[in-house]
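Here's a quick briefing to read alongside the model. Take a look at the picture, then follow the notes below.

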Amino acid sequence: MAVPKRKMSRSNTRHRRAQWKATVARLTPVVVDGVPHLVPQRLAKAYERGLLRPDG
């Protein structure tokens with residue numbers, strides 16, 4: 001496990017964390033009950049199997 005050799009300042013820590021950005025989920029078209037929906041790609045199989053229900 002990596003262990004820091006010296007304490008990182010609060011300023012540097014917050015500056016590093018500020019660079020993190022969320023990515024937009026890739027949407028995949030899925031047909032549920034004859035109605036097409038755009039769902040996140042990682043959940044497409046769950047929607048196709050009926051484990052999840054799209055809103056609306």
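The largest nonpolar core is a set of 5 residues: V30, V32, V39, A44 and Y47. Strand β1 and helix α2 each put at least two residues into this core. Keep in mind that you're looking at a predicted model.

**Around the core**

- Y47 is a handy place to start, since you can trace its contacts by eye: leaving out residues up to four places away in sequence, Y47 touches V30, V32 and V39, plus L52, R53 and P54.
- V30, V32 and V39 therefore turn up twice, as core members and as contacts of Y47, with a core being a set of buried nonpolar residues joined through side-chain atoms within 4.5 Å.
- Across the protein chain, buried residues account for 14% of the 56 residues.

**The overall layout**

- The protein chain has 2 helices and 2 strands.
- Starting at the N terminus, these elements come in the order α-β-β-α.
- What radius of gyration does the protein chain have? The value is 20 Å, while a compact globule of 56 residues would come in near 10 Å.
- If you box up the C-alpha atoms along the principal axes, you get roughly 60 × 25 × 15 Å.

**The hairpin**

- Strand β1 covers residues 27–32 and strand β2 covers residues 35–40; the two pair in the antiparallel sense, over 6 bridges.
- To get your bearings on the pairing, find P29, which sits opposite L38 in β2.
- Another pair to look for is V31, which stands opposite P36 in β2.
- Here's a general point to keep in mind when you look at strands: side chains in a regular strand alternate between the two faces of the sheet.
- β1 and β2 make a hairpin with 2 residues between them.

**D33 and its salt bridge**

- Where is D33 found? Look in the loop between β1 and β2.
- The phi of D33 is near 55 degrees, which is positive even though D33 isn't a glycine.
- As a rule, most residues other than glycine have a negative phi.
- D33 counts as exposed because its relative accessibility is 66%, and the cut-off for exposed is over 50%.
- How many salt bridges are counted here? The count comes to 1.
- R53 and D33 form a salt bridge, with 3.1 Å between the closest N and O atoms.
- R53 belongs to the segment after α2 and D33 to the loop between β1 and β2, so this pair ties together parts of the chain that are 20 residues apart in sequence.
- Are R53 and D33 buried or exposed? Both are exposed.
- R53 also shows up among the contacts of Y47.

**The loop between β2 and α2**

- Helix α2 runs over residues 44–49, and Q41 lies in the loop that sits between β2 and this helix.
- Q41 has a relative accessibility of 44%, so Q41 counts as partly exposed.
- Which residues does Q41 contact once you set aside neighbours within four places in sequence? They are R26 and T28.
- Q41 and P29 are 12 residues apart along the chain, and their C-alpha atoms are separated by 8.6 Å.
- L43 is found in this loop between β2 and α2 as well.
- L43 is partly exposed, because its relative accessible area is 26%.
- Between the C-alpha atoms of L43 and H15 there's a separation of 33 Å, with their positions 28 residues apart along the chain.

**Helix α1**

- Helix α1 takes in residues 10–17, and T13 is one of them.
- Is T13 buried or exposed? T13 is buried, because its relative accessible area is 16% and the cut-off for buried is under 20%.
- The side chain of T13 has a polar atom that lies 2.9 Å from the backbone oxygen of S9.

Methods. Residues numbered from 1 in each chain as written. Predicted model: local features only at pLDDT ≥ 70, side-chain atom pairs only at ≥ 80, totals over all residues. Heavy atoms only, no water. Pairing = 2+ DSSP bridges. Helix = DSSP H or I, 4+ residues; strand = E, 2+ residues; numbered from the N terminus. Buried < 20%, exposed > 50% of the residue type's maximum accessible area, 1.4 Å probe, protein only. Contact = heavy atoms within 4.5 Å. Salt bridge = Lys/Arg side-chain N within 4 Å of Asp/Glu carboxyl O. Polar contact = N/O pair within 3.5 Å; in protein donor to acceptor, adjacent residues only side chain to side chain. Rg over C-alpha atoms; globule rule 2.2 N^0.38 Å.
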